Structures are given as C-alpha cells and as structure tokens.
2 protein chains.
Amino acid sequence: MQLTLYTDYSLRVLLYLGLLPERTATITEIAEAYGISRNHLVKVVHNLSIHDFIQTTRGRGGGICLARAPEEINIGDVVRHTEVNFDLVECFNRSQNTCPIAVACILKGALYEAQRAFMAVLDKSTLADVLENADWLRKTLRVEGELAS
Amino acid sequence: MQLTLYTDYSLRVLLYLGLLPERTATITEIAEAYGISRNHLVKVVHNLSIHDFIQTTRGRGGGICLARAPEEINIGDVVRHTEVNFDLVECFNRSQNTCPIAVACILKGALYEAQRAFMAVLDKSTLADVLENADWLRKTLRVEGELAS
C-alpha cells in the first residue's frame with residue numbers, strides 16, 4: 001500500500017511553493033532543498049501546471065509559483081490528479097478485471113469503502129493546513145525569501 | 001494507490017475456503033475457479049498458512065482449509081499480513097527516509113491518518129461478512145460440495 005513517488009514529490013513541490021508567497025522558485029532550488037533529483041521534478045512540475053496547481057513563468061526572473069492560495073489547494077484533490085492508478089485491486093478496473101465474482105463481491109465493497117475513507121481524510125486538508133509550521137519548514141528547508149536568481 | 005496482487009489473491013483464497021466449511025480444497029481447484037495461475041497461489045497459500053489463516057494437510061485426501069471460523073478472520077488483519085509494504089510515502093520508513101522535513105511534517109500526519117482510516121474500515125469486516133452472499137458465490141465460482149479429489 002503505497003502512493004507513487006510522483007505523488008510524494010508533487011506534494012513536496014506544492015509545500016515548498018507555499019512557503020514562498022512573494023517570489024517564484026526554480027526546479028533546481030526545490031530539488032536541492034529536498035535532496036532529490038531535478039530530473040524527477042521536471043515531469044512533476046509539468047503535471048502540476050497542467051492541473052492548475054502551479055503557474056510557470058519562462059525567462060529571466062521566471063520560475064514557478066502556486067496558481068491558487070494555499071487555502072484553495074485541497075490535498076485530496078492533488079492526490080487524485082497525481083496518483084495515476086486508483087485501482088486498489090484488479091476488480092476496480094472493469095475493463096481489466098478477470099475475477100468472476102466482482103459483480104457482487106462484498107469484499108470489493110469493503111475495499112471501496114476503505115479507499116473512500118482514505119480520501120475523505122485527505123479531502124479535509126488543504127495546503128494551508130500543512131503549512132501551519134511554515135517558520136520551521138522555511139528554516140529546515142533553508143528557504144530564502146529573496147527573489148530566485 | 002494499489003494493494004499487491006499478493007493481497008488480492010490471499011483474500012480470494014480465504015473467500016473460496018470460506019465457502020467450503022466441510023471439506024478441503026486444492027490450490028489447483030482455487031486457481032481454476034478464479035482463472036488465475038496456480039503458481040501464483042502456491043506462495044500465497046504458504047504465507048496464509050504461516051500466519052495461521054489456513055491449515056494445509058498433505059497426502060491423499062489432503063488440501064487446504066480455513067484454520068479458524070470465518071467470524072474470526074478479520075480482513076484488516078489479513079491485509080496487514082499480506083501487504084508487504086505499508087510505507088505510503090518514503091518518510092513512513094525512518095531508515096530509508098531522505099526528506100529533511102519528515103520529523104515535523106503535518107502532511108505526513110495527514111497521510112498517516114488517511115491510512116489509519118483505510119485500515120479501520122477493513123478492521124470492521126470479517127470473512128464471515130464477505131461471505132454473506134455465499135450461495136451466489138458458490139454458484140458463480142462453481143464450488144462443489146463434495147470432497148476434493
């Protein structure tokens with residue numbers, strides 16, 4: 001039971017950008033702050049941009065920033081857009097299912113309910129909620145307030 | 001967000017055995033009922049046996065059966081024993097974590113809460129609950145009542 005690294009990194013990017021309400025950031029800066037590969041983040045940032053979680057600006061002084069206020073970025077919503085496969089088990093995908101009992105399986109119903117409960121918790125949180133300890137996060141990630149070079 | 005095929009098949013094996021309170025079954029029979037590979041089931045059955053969900057009997061007339069009554073087999077408990085990785089994101093595993101903010105990350109807390117909510121739903125269900133439509137399941141899986149050959 002895991003979320004993809006893609007979702008993990010997407011959330012980290014949004015969290016980092018939430019610490020920078022007054023300037024843009026670069027992918028390199030975020031990669032260095034978390035000690036992760038810049039290459040991994042390129043696709044992550046592109047996807048977040050497509051789904052209007054972040055805005056990108058090209059050229060000198062350009063970079064990335066949140067496209068909405070942290071209060072308007074719901075964590076469950078982000079996970080739905082970054083986690084490519086929500087088929088908890090084979091039978092969640094009608095076109096790929098081979099299990100003969102899927103049509104009336106009570107277990108399948110319990111697994112659906114469990115997944116709904118999982119997402120319901122994430123739907124309660126916004127990016128603003130997870131930024132409540134922003135001062136500590138800025139210090140730990142060594143986020144500088146000045147404009148990104 | 002997926003459970004492993006291993007967990008999926010483990011649950012299917014238990015469900016099948018729950019339909020046979022009066023006889024043992026063979027791995028071949030279960031594999032054929034679900035249209036899945038027998039080889040996949042061998043390891044699944046071994047693991048279920050180690051964790052005392054099923055009993056195996058060797059020799060002529062031998063086979064596998066539940067080790068406890070369906071009411072005493074909790075679905076959450078099964079998933080905890082079959083799903084090898086409960087590290088939803090990297091930071092859930094202290095020894096492998098590289099994220100610098102893990103120690104006080106509110107997002108991590110939300111993800112833990114979501115996972116707990118997921119498991120809490122499964123903890124409410126027993127194998128007996130998912131066997132409530134046993135007659136339909138027997139018919140659909142073509143389960144025969146006589147002793148396995």
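**How the helices meet in this predicted model**

The buried residues of helix α5 of chain B pack against α1, α5 and α6 of chain A, together with α4 (75–82) of chain B. The model is a predicted one.

Me: Which residues of α5(B) are buried?
Reply: They are Leu107(B), Lys108(B), Leu111(B), Ala114(B), Gln115(B), Phe118(B), Met119(B) and Leu122(B). To count as buried, a residue needs 20 or more other C-beta atoms within 10 Å of its own.

Me: How do you know where these buried residues lie around the helix axis?
Reply: Looking down the axis of α5(B), the buried residues fall within an arc of 130°, so they line one face of the helix. As a general point, an α-helix has 3.6 residues a turn, so residues three or four places apart point the same way.

Me: What is the reach of α5(B), and what span is expected?
Reply: With 18 residues, α5(B) reaches 25 Å from its first C-alpha to its last, close to the expected 26 Å at 1.5 Å a residue.

Me: Why are α4(A) and α5(A) called oblique to each other?
Reply: Their axes cross at roughly 125°. Angles from 65 to 115 degrees count as roughly perpendicular and those over 145 as roughly antiparallel, so an angle of roughly 125° is oblique. The axes also come within 6 Å.

Me: Which residues make that contact between α4(A) and α5(A)?
Reply: Ile75(A), Gly76(A) and Val79(A) come from α4(A), while Met119(A), Leu122(A) and Asp123(A) come from α5(A). By class, four are nonpolar, one is polar and one is charged.

Definitions and conventions:
Residues numbered from 1 in each chain as written. Chains lettered and ligands numbered in written order. Predicted model: local features only at pLDDT ≥ 70, side-chain atom pairs only at ≥ 80, totals over all residues. Axes fitted to C-alpha atoms, helices over the stretch in contact; angles between N-to-C directions. Helix = DSSP H or I, 4+ residues; strand = E, 2+ residues; numbered from the N terminus. Contact = placed C-beta atoms within 7 Å. Nonpolar A, V, L, I, M, F, W, Y, C, P; charged D, E, K, R; others polar. Expected span 1.5 Å × (residues − 1). Buried ≥ 20, exposed ≤ 12 C-beta atoms within 10 Å, placed from the backbone. Arc of directions from axis to C-beta.
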